[in-house]
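Subject: A structure for you to explore

Hi,

Here is the structure I promised you, with its sequence. Have a look at it first, then read on for what turned up.

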Amino acid sequence: MFSKVLLLYFSVSSIVWSNIDAFIVHNNQSPSSSSFLGTFQDDLSSRKSSRSPIYCNNKKKKRTIVLQMKTVSCPPPYPVRIAVMGGGNFGLAMASIAGRQGHPTTVLVRSEAVAEEINTKHTHPRYMKGIVLPAKVRATTKPEDCLPDATYIIHAVPCQYSRSFLEDVKEFIPASTPILSVSKGIETSSLGFMTDVLEEVLGEDRPLAFLSGPSFAREIIEGVATAVVIASDDLLLARDLAMLFSDDNFKCFTSQDVVGVEIGGAVKNVIALGAGMCEGLGLGTNAMSGLVTRGCNEMRRLGITFGASPSTIAGLSGVGDTFGTCFGPLSRNRKFGYRLGKGETMAEILESTTEVAEGVDTALAVVDLIETKCKGYRLDLKYPILFGIARILKGKQTPLEGLEGLMNMPMQMENFDEQRVR
């Protein structure tokens, strides 16, 4: 019996090692970056690889055993189907990224007319005017048509509408399907971030990831170079998603600091409202730069209070996204603040636009969150910009009065002791 087992062992070993030998790179073989892992059965039958191996940095190396693995430039070794929940600007941008990389992508929208136009003309009647979506992108109004068989689901519904939307579609989402949330903000009713909303509705064991960073939807869909970060408690999930969506124009970094990415993505919209008010008031670059910098300081304080890493706040999802939102011409929140600075009322602005400025609801929610969760004396002195913007939105003071209040604050150190905040 022992001899038979030993014979079987050596027989299998000879097959395996002869197959590995086919991947040994010799001096005169030419590399090919387009090659990809074939089937194991083909290798066993030929005993010699007919595919060129993948080289690191495209450099030929001598006698190197090469493992043919999936890289950023290679397609995943399994069929991928993407579902995007929400047909707004950013939902269309993410669908476009997936579609231009050849992944069948379905956008879940509310209107049959919108779905029909996307499916027949590859355009959206309201958003992304002049943009033609990739042929791989289609739309539907039926969650059962796109969610049950999706490899990954992208959640692109605005924060304040996410809970009710998810309640309506959760029965169609398998328990193991990962969700990538691109929504930002703090829910006003629960004072929870998107991770809280998703876990409460879909379950705590759900694989979740969160994308954030300086990323205007139109620039993404036009193929302008963009860098973002994908955060998840499961770093392998973050890496898989980063590899799936990264291309020559869209670069994804990874992180495990979910709370830091969420806080940066939410608070930057509030700071952008203040930056817009500065511009609307006709103030110069000095004032706007000072307000944005001090706003980032308050973002860092809040992040540390909730356990975020300061380096995350200083990264793409924090300071990076804040710069883009405060100084970029496509920012809805900056435009909203600009109109407030010019003297328009909240009601007038809301009546004249169909786009959602997430910073308005978040500004009110973040102050409630600070007063509920943060400890200490005179929180309004620790977060004067966040509290001031909330007062303006509530009609308790004008943008000019808010600026005067900031300039007349008591003298203090520029930075705070991070250890004492913890």
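**Starting in the sheet**

Strand β6 (residues 152–155) runs parallel to strand β7 (residues 179–181), and three bridges link the pair. Strands here are DSSP runs of E at least two residues long, helices are runs of H or I of at least four, and both are numbered from the N terminus. Two strands count as paired if DSSP finds at least two bridges between them.

Before going further, please note that this is a predicted model: local features need pLDDT of at least 70, side-chain atom pairs count only at pLDDT 80 or more, and totals for chains, interfaces and linings use all residues. Residues are numbered from 1 along each chain as its sequence is written, and side-chain values use heavy atoms, with hydrogens and water left out.

Back to β6. Where it pairs with β7, His155 stands opposite Ser181. His155 is also the bridge partner of Met85, which brings in another neighbour: strand β3 (residues 82–85) runs parallel to β6, joined by four bridges. On β3, Val84 has Val107 of β4 as its bridge partner, and β3 and β4 are again parallel, with four bridges.

Are the faces of these strands covered or open? In a regular strand, side chains alternate between the two faces of the sheet. In β6, Tyr152 and Ile154 point to one side and Ile153 and His155 to the other, and all of these are buried, so both faces are covered. (Buried means under 20% relative accessible area, exposed over 50%, and partly exposed in between, with a 1.4 Å probe and protein chains only.) Strand β4 (residues 105–108) is covered on both faces too: Thr105 and Val107 are buried on one side, Thr106 and Leu108 on the other.

Now zoom out to the open sheet, where eight strands follow the order β5-β4-β3-β6-β7-β8-β9-β10 with mixed pairing. At its edges are β5 (137–140) and β10 (250–255), each paired on one side only. Neighbouring strands of this sheet are turned by 25° against each other on average, ignoring direction. Helix α6 (residues 194–202) packs on the sheet and touches β6, β7 and β8 (208–212), with its direction at about 150° to that of β8. For such angles, axes are lines fitted to C-alpha atoms (for helices, over the stretch in contact), and the angle between N-to-C directions runs from 0 to 180 degrees.

**Two helices that cross**

How do helices α10 and α12 meet? The axes of α10 (residues 285–305) and α12 (residues 316–327) come within 11 Å and cross at roughly 145°. From α10, the contact uses Met288, Val292, Cys296 and Met299; from α12, it uses Gly318, Val319, Thr322, Phe323, Cys326 and Phe327. Contact means heavy atoms within 4.5 Å. Sorted by type, these residues are eight nonpolar, two polar and no charged. (Nonpolar covers Ala, Val, Leu, Ile, Met, Phe, Trp, Tyr, Cys and Pro; charged covers Asp, Glu, Lys and Arg; the others, Gly among them, are polar.)

**Three residues to click on**

- Thr322 lies in helix α12 and is buried, because its relative accessible area is 0%. Beyond its neighbours within four places in sequence, Thr322 contacts Lys268, Ile271, Val292, Cys296 and Met299.
- Met277 belongs to helix α9 (residues 258–280). Its relative accessibility is 4%, so Met277 counts as buried. Leaving out neighbours within four places in sequence, Met277 has contacts that include Gly337, Tyr338, Ile389 and Pro399. Leu340 is another contact of Met277; the two are 63 residues apart along the chain, yet their C-alpha atoms are separated by 6.1 Å.
- Thr120 sits in helix α4 (residues 112–121). With 49% relative accessibility, Thr120 counts as partly exposed. The C-alpha atoms of Thr120 and Arg138 are 8.8 Å apart, with their positions 18 residues apart in the chain numbering.

**The whole protein**

In total, the protein has 19 helices and 10 strands. Of its 422 residues, 48% are buried. Among contacts between residues at least 6 apart in sequence, 71% join residues at least 24 apart.

Enjoy exploring!
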